[in-house]
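Here is a short note for a colleague meeting this model for the first time. Please read the points with the structure open.

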Protein chains: 4
Amino acid sequence: MNKKKIVNDPVHGFISIPNELIFDVVNHPYFQRLRRIKQLGLTEQVYPGAIHTRFHHALGAMHLMSLALQTLRSKGHYIWEAEQEAALLAILLHDVGHGPFSHALETALLTNIPHEAVSLLMMERLNEEFDGALHLTIEMFRGSYPRRFFHQLVSSQLDMDRLDYLQRDSFFTGVQEGTISPERIIKMLDVHDDRLVVQAKGIYSIENFLVSRRLMYWQVYLHKTTVSTEQMLIQVIGRAKWLYRNGGRPFVTPALEPFFEHDVGWDEFKQNPAFLSAFAALDDYDVWGSLKFWVAHPDPVLARLSRMLLDRRLLKVRLENEKIAPAEIEERRRQVAAKWGLIPAEASYFVGYGAVTNAAYQPKDDAGIGILTKHGQVVDVAEASDLPNIKALTKIVKKYYFCYPKDI
Amino acid sequence: MNKKKIVNDPVHGFISIPNELIFDVVNHPYFQRLRRIKQLGLTEQVYPGAIHTRFHHALGAMHLMSLALQTLRSKGHYIWEAEQEAALLAILLHDVGHGPFSHALETALLTNIPHEAVSLLMMERLNEEFDGALHLTIEMFRGSYPRRFFHQLVSSQLDMDRLDYLQRDSFFTGVQEGTISPERIIKMLDVHDDRLVVQAKGIYSIENFLVSRRLMYWQVYLHKTTVSTEQMLIQVIGRAKWLYRNGGRPFVTPALEPFFEHDVGWDEFKQNPAFLSAFAALDDYDVWGSLKFWVAHPDPVLARLSRMLLDRRLLKVRLENEKIAPAEIEERRRQVAAKWGLIPAEASYFVGYGAVTNAAYQPKDDAGIGILTKHGQVVDVAEASDLPNIKALTKIVKKYYFCYPKDI
Amino acid sequence: MNKKKIVNDPVHGFISIPNELIFDVVNHPYFQRLRRIKQLGLTEQVYPGAIHTRFHHALGAMHLMSLALQTLRSKGHYIWEAEQEAALLAILLHDVGHGPFSHALETALLTNIPHEAVSLLMMERLNEEFDGALHLTIEMFRGSYPRRFFHQLVSSQLDMDRLDYLQRDSFFTGVQEGTISPERIIKMLDVHDDRLVVQAKGIYSIENFLVSRRLMYWQVYLHKTTVSTEQMLIQVIGRAKWLYRNGGRPFVTPALEPFFEHDVGWDEFKQNPAFLSAFAALDDYDVWGSLKFWVAHPDPVLARLSRMLLDRRLLKVRLENEKIAPAEIEERRRQVAAKWGLIPAEASYFVGYGAVTNAAYQPKDDAGIGILTKHGQVVDVAEASDLPNIKALTKIVKKYYFCYPKDI
Amino acid sequence: MNKKKIVNDPVHGFISIPNELIFDVVNHPYFQRLRRIKQLGLTEQVYPGAIHTRFHHALGAMHLMSLALQTLRSKGHYIWEAEQEAALLAILLHDVGHGPFSHALETALLTNIPHEAVSLLMMERLNEEFDGALHLTIEMFRGSYPRRFFHQLVSSQLDMDRLDYLQRDSFFTGVQEGTISPERIIKMLDVHDDRLVVQAKGIYSIENFLVSRRLMYWQVYLHKTTVSTEQMLIQVIGRAKWLYRNGGRPFVTPALEPFFEHDVGWDEFKQNPAFLSAFAALDDYDVWGSLKFWVAHPDPVLARLSRMLLDRRLLKVRLENEKIAPAEIEERRRQVAAKWGLIPAEASYFVGYGAVTNAAYQPKDDAGIGILTKHGQVVDVAEASDLPNIKALTKIVKKYYFCYPKDI
């Protein structure tokens, strides 16, 4: 069988699968599962175009990695074939451990099962299946490979992951302002003392990248309606879990079951392969599929929240610079309880609040963006002269959300 | 609440929801369900970007309808506000009766429930809910409204449905060659004797549109891998249905259940509202959700086919100009039966064959594309001089597919 | 004749010429001349795609103006037909007084003839020709019309001029990072106390706009090679002028002649219509056309500089944060004089230096960007909270360039 | 000096200049002159965005050539470094012999100097300058190199020239329907018996390419207003030439002079290097620059036609399927003569007529498009089954134009 394939990508054009091992990894069920997990989870409730999947993003990031390695080679940095393959696999698999609606599920159900750790675990399993062929991949992913720029290409403030997701999310949401130019940024990458750096003339592209990223945060990722919809999902899963463990036993799909049974700890997860099996079957269809059952459940909280999500009758939401006053939260709960005949504990499921934060740039340790000056020194981009505003981008901005039913 | 909304569309930019009634229809569960139905069903197995939904397409077609009406007005055709609203609603709802994986399900399960009829039924229910506000919409959709160009804008060889889906499918699959320019075509629309026509100078745009459409058919809609994947889905549902009715009782989601129980006739469907309720809850999550259960079913055919679909281990497929020889089909069946220890009837589920046909242009009756000559006459585009090849496009092209497991 | 026209624009799609007066102004020789003036002058020496003209930009800005007025109307601000027409004409004509290579010519030849003043003068002439039909246009352009937001749409930190040129320049240079989304920004415009403001939720779009603008400044408008090429043009024209007035009489095209004869003052320009006639005939063809003659002139400075420009043998250029040391300049001059056998005064024509400055945002008086808060107050965007970096963008950045022949 | 450069292209993104020789050729005055020649000549009078130059197109075609060679290599065809360089240079220089407004000037002035022959002559001169480095380039350009697919990549029905210009012209005019996908077509190229072929699965892309090309012909290249504007240019140059040789001596720029003096034959052109020198200095600035002088010439025909072109007061034009009746032509001439007080011979300059023809596909000899079937045979695309309309595209379509002043 021909194992050199070309995949059509509306964002990057043609993406080549360069060799057989990568072809086989792409076709592995672990990776194919990503076809069924939307990159931006519930964001499509706000931007209907945002239905692109983690599958496509991972392929896109691999494509950018190959461009980056080509650039580095053209600048005289020798890269072994084995390193090339490992770097491509590392970026391809960097998010393979994501579950559906990652943030919501990690908050409500999989509290001890962080996706980074699952990614690593899955890579290790793949490494066994492929007779050690992913050994170097794992080193790079972990950051233990000596030429550390490989790790930085996989995971840093300027990794191929970010370059792909910013461009892709901007494309699919239609938020054109967020457009960055990965190809241009990549052309300006270099390596200095085994560290990934950006040539001085690329400084404005970096600034643009950081500002676009911030814009995407507030306009898309932390859009107040997305935040409140996610709250609803967290609440509905929390309620289902509570009911499940307290006799209500709402229907849940097989892949979700083990995690509804009891809170699975990380050690337990690692030791009992049944958990990884279940996790590796989890996708968006389990979550929406379960929700579709819950609309008929006798519990008024579970049924109502599920119905609201399915029919997109979302909570009203406010985003403020100041913390929400407890009295106001209390008042809303009372109104909900009164209107729908619920007890206070039940009403709480419909009133959400909390904080979201974002800093466009967090320079620290290895992960900052180094600029290679004309004089051969590396300075952090936030310290580079004549860009007075990058430093300002390191400030953490915090906002408070408050959501509750519309018609109370 | 503010009921004038703007929706972000990666294809058309901003789409405005122009008034309250349309806002309410968009927010109705019937329409929100379209968020959960992919426009191109299984095509994303071939073109991973093709995960756009019927929801987005319907909004896009409505957007083009408003451009078309604006053009007609600017050419002196009076259009009442009520007609404008009805036309927008008619195109918005023209596909509301589609189920998930329409073609596959109508073949394997919902044989008596054509989506056009369901669309009309749903519009009638909405008309009741909204106190008759969709009366004119229904007339236009049906084609009984006297100014017949409205119906042609909703359903003809050059309707807003096609203009949107061709551009949208080309955008999301990344098949750039299929690109058409709906805005330009719309600028050249006119009305003559209540019939929708295209100004003579638009003839090359029409040709381009027809050729692009044909390209999309063979490159995307009838791509051999899409065809074979759809065959697999038809077979797996057929098998599940057979088991369900013969004691195997595989799990199916609630919305699918009534249709697994027995073959529902159209009269039955219309008379018993439970069927429409079930149908109105059906979406992609029911199909994939059920498949995810079936991988663990004891029936080897059901389990294997489901697993193959989930892990994207697709059948090998050939597309030929000649009919497949029965002997060859028989031979493949025997091989499958031998390899997997199945009886012949079971092996048949893994060997598919049939024909696909396409004609880029089918001029007939009302639905052909009329060209308005400089002299004020209307001729069918296939009769227009100096386009020798359009006539050729009316020829029906037929191809034969044959699919079977890869490694036998 | 049909005076409603549609113009095809690769940037905005279709641009409509909405009425007869505007059609006639577009067809006036004053405006048609803009077809022969590149928007970015010598930038195409660096970005070969940047050959778009002021003609196209002016139409594009008019298109955005019509979108902006439509948005303001939809938000309840009444706008008279006469105001609409005047606003469209004001933006259409805002740059009509630009000569070819504006900055270079205003520096070297037309020192007393600023393009803004010429624009106004041309509008006044057009007003006479069209029997006073541009009266309101002139008021708006000048800023004397009471509803001052019209002037702000024509000329301010967020006018339709900037929105079009940023998007257009980014498109034609291929510098994708500079992409802004004029449509989105326009959707968030509003008017408060007759002042143009931006709704609070548009704050990130504004930030992105300012940062993109800065990027375009350093990446395109003030690109060091553009700066040095412009220096060459300034020098060659200075030399030609000097020769012309000192007996060398290089050939110049008729439209340039009056300005080579002597330095024309503004009063003189206004009083003697021959000057405006000459100016109104000036375009890129006069400048390149004259250069093509000069390559054969006996003066070694004129001939060499002209030849270098024509064959794109550009000066080497450095951009520094510190002022260039006089000794270094002197040294380069000496080298040039020695190499090409020139006297020092002649050598100076090949050695350029100076400063370029840019501030991404200059809030002052009327022209700052006002944000309309949720509480109905207007604050300058630089004062708006949670955008720590906008204030930083008001800082003026200054850089020093130094250019001289490559092989000395 | 760094001779590896990257050029920004709005169409293809980044274009790399791969080596020093190519860098030097690009920087040669012969090639730099192409910066001053618009690819589509007068088309910008109809599509204002169409101001892209032959410079940019040549670089774009070279870029596509490098993609094509990469594809052929990946399919196992060995290509020597020297062949690669020669192929890139051949496509880069294939149009270097174009003068400004090629078709018009070859009709009215340079009747014996076809641009293909000039291209070859220029390559030969460059070959001398670069010490024989372009020997192989010339072989490929001429078609005398044994591996004939190289020539086909440079010049055939599917050469890199066409792939670039179709995409580029579509981009800059804004005629989106003309969009083709060169990358996709290139991916399907192969070589069979040293002949360039297209894999069978690429057949729909080829059809789309041919139809898009035809659309561009009628919509852009042969747009009736372009045709009539070109007629005006042919007439004005014809008139200037007549006057020049009959004592009127209108001003012409130095590069035009030798060709106004007398009709230069091809032998004369080849033998006297002064002609090539003059030709190599010819660009758009000579034509428009001369026109700008002619508006003040005493001859009423020359002055009026020049003024009409400058102010874009174009002739009215009709495009018909039938030949224009001589009586009608005569009648228009009489009207012009009467209105403007001209003698009939003078009036003729304002009345143009003739024919334009186009065939979307002309299969002949080497130059047809060969399709490589699954069975390893090569058939002409027009003979390939299931594409009934390609044969239709070989039909030559002929139309008749007739143009004359608007207000007579």
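1. Start with helix α7 of chain B. Its buried residues pack against α4 (81-93), α6 (115-129) and α8 (149-154) of chain B. Helices here are DSSP runs of H or I, at least four residues long, strands are runs of E, at least two, and both are numbered from the N terminus. The model is predicted: local features need pLDDT of at least 70, side-chain atom pairs count only at pLDDT 80 or more, and totals for chains, interfaces and linings use all residues. Residues are numbered from 1 along each chain as its sequence is written, while chains are lettered from A and ligands numbered from 1 in the order in which they are written.

2. Which residues of α7(B) are buried? They are B:L136, B:T137, B:I138, B:M140 and B:F141, in a helix that spans residues 135-142. Buried means 20 or more other C-beta atoms within 10 Å of the residue's own; exposed means 12 or fewer, partly exposed lies in between, and C-beta atoms are placed from the backbone. After α7(B) comes B:G143, with a positive phi near 90°.

3. Next, the core. The largest nonpolar core (buried Ala, Val, Leu, Ile, Met, Phe, Trp, Tyr and Cys residues joined through C-beta atoms within 7 Å) has 512 residues. A:M65, B:M65, C:M65 and D:M65 touch the most other members. In chain D, the core takes at least three residues from each of domain 1 (5-221) and domain 2 (224-313 + 342-351); these bounds come from an automatic or database domain assignment.

4. Look at D:M65 itself. Leaving aside residues up to four places away in sequence, D:M65 touches D:A87, D:L88, D:I91, D:L153 and D:M160. Contact means C-beta atoms, placed from the backbone, within 7 Å.

5. How many residues does the contact take from chain A and from chain B? It takes 32 from each. On the chain A side, β1 (5-9), α2 (29-32), α3 (54-74), α9 (160-173) and α16 (284-294) give two or more residues. The largest share, five residues, comes from α16(A).

6. The contact of chain A with chain D takes four residues from each. On the chain A side, β2 (13-17) and α10 (182-187) give two or more residues.

7. Finally, symmetry. A turn of 180° and a shift of 0.0 Å along the axis lay chain A on chain D with an RMSD of 0.0 Å, by least squares on the C-alpha atoms of residues with pLDDT of at least 70 in both. That is the relation of a two-fold axis.

Conventions:
Two residues are in contact if their C-beta atoms, placed from the backbone, lie within 7 Å.
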